[in-house]
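Please look through the model below before reading on, and keep its confidence values at hand.

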Amino acid sequence: MAVTRTENPGLSRFVLPIAGLIGLGLCIAGVLVLYDPHGGPNLLASIYDALGNTSGATDLRNGSGDQWLAKIILAAIALAVGVGGIWLLFVGVASLVSLLRPRWRDRILPWVFVGPALALLAVFLIYPAAGTILRSLQNDDGQLTVANFEVMTNPEFIGIMRNNVIWLIVGTGASVVLGLVFAWLFDRIRRESLAKTIVFLPLAISLVGASVIWGFVYAWQPAGQPQIGLLNAIVVGLGGEPIPWLTSSPINIFCEIAILIWLQTGFAMVVFSAAIKGVSSEVLEAARLDGASERQLFVRVIVPMIRGSVVTVATTVAIVTIKIFDIVYVTTGGRFDDDVVANRMFLEIFQFFDDGAGAALATLLFIAVLPVMYINLRNFRRQGVGG
């Protein structure tokens, strides 16, 4: 005899919304506890009070007692809110939406899952960006003004913009070209994976870490003293004079750009390698039969066919170079005619305490990035991404 499973849709329709309310309550309670710097000790103290341990509760509220246990409880609350509470909230809200008519349900249900991400994006990205733009148009009294943008009329700022343009052209161009060349060459050797790994490994290092490493490479000591920098050790070993790479302008700009190229070439190579492998072998064979050399095959066939990947990589690296900060700040701090907009923005805010000028420079960076983002999005549409 077959056993049939019976379900109670009415019960699930009643329980799941309650689960959503419980999840919402857990989220709100968890956020309140986490927002309070003494939330963990206070919660543990309340538990001690309920168990009759008044002295332990008093010690916790006075900053003594078992603080480690309080931290563990706080971590457990964060885990419960982040996993259990959010899960219950999604399940409950989805069940509530499912009670609607199919037409409205199909319209609202996607927003149930996308909505929290959009809300976080609005709170932590859109709101600060709008606040920064508004601050750039206000003085210390909150009145509208364009005086903050006068920092850009300083003759020194022309040199800063020049440096950013050099970063954009040289850094982006070299990263893309080297990435293309390495991807094409490594695609034809036996130890392809090993070679790609060696080139890609620097990308695992942060910009700050890479700047510290290359700081030792560029290290300089006066002539006659031991050179701890690799580059100057080679120069002196060949009979030359040590060169202060990071303090001599404009050579220091290109030395700093070399750090970015060292990092970004691996990223470009991996993307281009995947794109090259996607090129039809029939097209390549047809080009070879037509008498195309390997150089012509690369320049006139492969590169045009992976144009979308080239644009994507170029715009991605361009955004990094436009708002470059870490390398300049760690190596020289922009003190030797190598300053850039992002570093100057940092100095205006945290050294000169001029929030308005810093916000104006941040707005300038935002405006400079917009055309690059537009090119990237247009390239995605052309390739059919999101279509």
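The paragraphs that follow turn from confidence to one helix and then to a group of aromatic rings.

This is a predicted model, in which local features need pLDDT of at least 70 and side-chain atom pairs count only at pLDDT 80 or more, while totals for chains, interfaces and linings use all residues. Residues are numbered from 1 along each chain as its sequence is written, and side-chain values use heavy atoms, with hydrogens and water left out. The mean pLDDT (the predictor's confidence in each residue, from 0 to 100) of the protein chain is 83, and 82% of its residues reach 70 or more. Over residues 1-8 pLDDT stays under 50, and the model has zero contacts there beyond four places in sequence, a contact being heavy atoms within 4.5 Å.

Helix 13 (residues 307-322) reaches 22 Å from its first C-alpha to its last, close to the 22 Å expected at 1.5 Å a residue, the expected span being 1.5 Å times one less than the number of residues. Helices are DSSP runs of H or I with at least four residues, numbered from the N terminus. Of the 16 residues of helix 13, 12 are buried (under 20% relative accessible area, with exposed over 50% and partly exposed in between, for a 1.4 Å probe and protein chains only), and what covers them includes helix 6, helix 10 and helix 16.

Ring pairs link Phe 325, Tyr 329, Phe 346 and Phe 350 into a cluster; rings of Phe, Tyr and Trp (its six-membered ring) pair if their centres lie within 6.5 Å, with planes under 30 degrees apart counted as stacked, over 60 as edge-to-face and the rest as tilted. The structure holds eight aromatic pairs. The planes of Phe 325 and Phe 346 stand at 50 degrees, so that pair is tilted.

Methods:
Helix = DSSP H or I, 4+ residues; strand = E, 2+ residues; numbered from the N terminus.
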